[in-house]
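The following questions and answers are offered to a reader who is meeting this structure for the first time. Please keep the sequence and the structure in view while reading.

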Amino acid sequence: MPELPDVEGFRRVAQHVEKRQVRSVQVCDAQVLRGVGSEAFRNALQRRYFAAPQRHGKWVLLPTAGAADSPWVLAHFGMTGSFEWCGHDVELHKHDRVVFDFATGQLRYRDMRKLTGLHLARGQDEVDELLAELGPDAQQIGAEEFAERLTRTRRGVKAALMDQAVLAGLGNICADELLWRARIHPNRATTELSGDDLDGLHREMRAMLRDAVRAGRVPDDASWLTGHRDEPDPRCPRCSTALRKTRVGGRGTLWCPACQHA
Ligand SMILES: [Zn+2]
């Protein structure tokens, strides 16, 4: 499931469209359009020029150039979505749902499960409205605001980290990796974390995201917790203790009972 590092990778793919004019928009499957029909979507975007793509949490934002009410495409990738940049001669993939055509190639929104999709917004105000529920981006948030938002309500720290209204961008894999690095038990109550715990968590989040963004995903190297997720009998890469697999908020959670204290 795409999380901040993956979505940052999709933003980089979308940089192909910056300053490029949309020649046509092909909607192969209108189910991925949210709150807008195929024709309105096509008409709003055809012949427009895209500005620089942005990212907030797990969203990629594609503004078009022009007046203040120029359209934006807002993309969410759900469980299985991606942006692909393809040459004109590359055959459509069966999960290519929307194709933006440019003189230089095609940006394709590909998604198997169609749980989310593409929104159209008119100007910054509508963008803000659509994303109003989201907290600050996990890569941008400062230590002080991070601590304040995380401890607003008493609940398990993993659930709070994954709540997009608290901060935007972390999912199951990032949250597990980060808690393991910071040596904090996933169910520990946010309100019981010390100032040092919160500082450490913020610091590890910044470091983890920096490395993962560079890789375009959370790396599955042996030195990362994520590298052991799919092993039948995984051991902690730091202390070799057998890792535990539990469920937290319905999500498969991997943690080390020796390193991560409750
Ligand atoms: Zn350990």
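The turns below concern a predicted model and treat its metal site, its strands and one of its helices.

Q: Which residues are the protein donors of the zinc ion?
A: In this predicted model, the donors lie 2.2 to 2.3 Å from the zinc ion. Each contributes its SG atom. The protein donors are Cys236, Cys239, Cys256 and Cys259.

Q: What arrangement do the 4 donor atoms around the zinc ion make?
A: Four donors count as tetrahedral if all angles lie between 85 and 135 degrees. The 4 donor atoms here subtend angles of 104 to 116 degrees, and the arrangement is therefore tetrahedral.

Q: What spacing do the donors of the zinc ion follow along the chain?
A: The donors include Cys236 and Cys239, together with Cys256 and Cys259. Along the chain, their spacing is C-x2-C-x16-C-x2-C.

Q: Is cysteine 239 buried or exposed, or partly exposed?
A: Buried means under 20% relative accessible area, and exposed means over 50%. Cysteine 236, at 3%, counts as buried. Cysteine 239 has 32% relative accessibility and therefore counts as partly exposed.

Q: Which residues are covered by the UniProt annotation "domain: FPG-type"?
A: The annotation comes from an unreviewed UniProt entry. Over the span it covers, the chain is 0% helix and 26% strand, and the end C-alpha atoms are 19 Å apart. The feature is placed at residues 224–261.

Q: How far apart do the end C-alpha atoms of residues 2–116 lie?
A: An unreviewed UniProt entry annotates residues 2–116 as "domain: Formamidopyrimidine-DNA glycosylase catalytic". This span is 17% helix and 33% strand. Its end C-alpha atoms lie apart by 12 Å.

Q: Why is strand 7 largely enclosed by the rest of the structure, and how many of its residues are buried?
A: Strand 7 consists of residues 96–102. The strand is largely enclosed because the count of its buried residues is 7 of the 7.

Q: Which residue of strand 7 is the bridge partner of serine 24?
A: Strand 1 comprises residues 24–27 and runs antiparallel to strand 7. The two strands are joined by 4 bridges. In strand 7, serine 24 is partnered by aspartate 101.

Q: Which residue in strand 8 stands opposite phenylalanine 102?
A: Strand 7 and strand 8 form a hairpin, with 2 residues between them. Their pairing is antiparallel and extends over 6 bridges. Opposite phenylalanine 102 stands glycine 105.

Q: Which residue's side chain has a polar contact of 2.6 Å with that of arginine 110?
A: Arginine 110 has its place in strand 8, which covers residues 105–110. At 18% relative accessibility it counts as buried, since the limit for that class is under 20%. Among the residues that arginine 110 touches are Thr80, Glu84, His95 and Asp96. The side chain in the polar contact of 2.6 Å is that of aspartate 96.

Q: How far apart in space are arginine 110 and histidine 93, C-alpha to C-alpha?
A: Histidine 93 is one of the residues that arginine 110 touches. In sequence the two are 17 residues apart. From C-alpha to C-alpha, their separation in space is 7.9 Å.

Q: Which residue's side chain has a polar contact of 2.7 Å with that of arginine 108?
A: Arginine 108 is also found in strand 8. Its relative accessibility is 1%, so it counts as buried. Beyond its sequence neighbours within four places, arginine 108 is in contact with residues including Phe83, Val90, Leu92 and Val98. The polar contact of 2.7 Å joins its side chain to that of glutamine 106.

Q: Which strands stand at the edges of the open sheet, each with a single partner strand?
A: The open sheet has 5 strands in the order 2-9-5-4-3, with mixed pairing. Each edge strand has a single partner, so one side of each is left without a neighbour in the sheet. The edge strands are strand 2 (33–34) and strand 3 (54–56).

Q: Which residue in strand 9 is the bridge partner of valine 73?
A: Strand 5 (residues 71–76) and strand 9 (residues 118–122) run antiparallel and are joined by 5 bridges. Across this pairing, the partner of valine 73 is leucine 120.

Q: What does the cover over the buried residues of helix 6 include?
A: Helix 6 spans residues 172–182 and is largely enclosed, because 10 of its 11 residues are buried. Among these buried residues are Cys174, Leu178 and Trp180. Their cover includes helix 1 (4–14), helix 5 (157–162), helix 7 (195–215) and strand 11 (251–255).

How values were computed: Residues are numbered from 1 along each chain as its sequence is written. This is a predicted model: local features need pLDDT of at least 70, side-chain atom pairs count only at pLDDT 80 or more; totals for chains, interfaces and linings use all residues. Side-chain values use heavy atoms; hydrogens and water are left out. Donors are N, O and S atoms within 2.8 Å of the metal (3.2 Å for Na, K and Ca); water is not among the atoms, so sites may look incomplete. Four donors count as tetrahedral if all angles lie between 85 and 135 degrees; four count as square planar and six as octahedral if opposite donors are over 155 degrees apart and all others between 65 and 115; anything else is irregular. Buried means under 20% relative accessible area, exposed over 50%, partly exposed in between (1.4 Å probe, protein chains only). UniProt positions are given in the numbering used here, feature names are shortened, and annotations may be inferred rather than shown by experiment. Contact means heavy atoms within 4.5 Å. A polar contact is a pair of N or O atoms within 3.5 Å; within protein, one must be able to donate a hydrogen and the other to accept it, and residues adjacent in sequence count only if both atoms are side-chain atoms. Two strands pair if DSSP finds at least two bridges between them.
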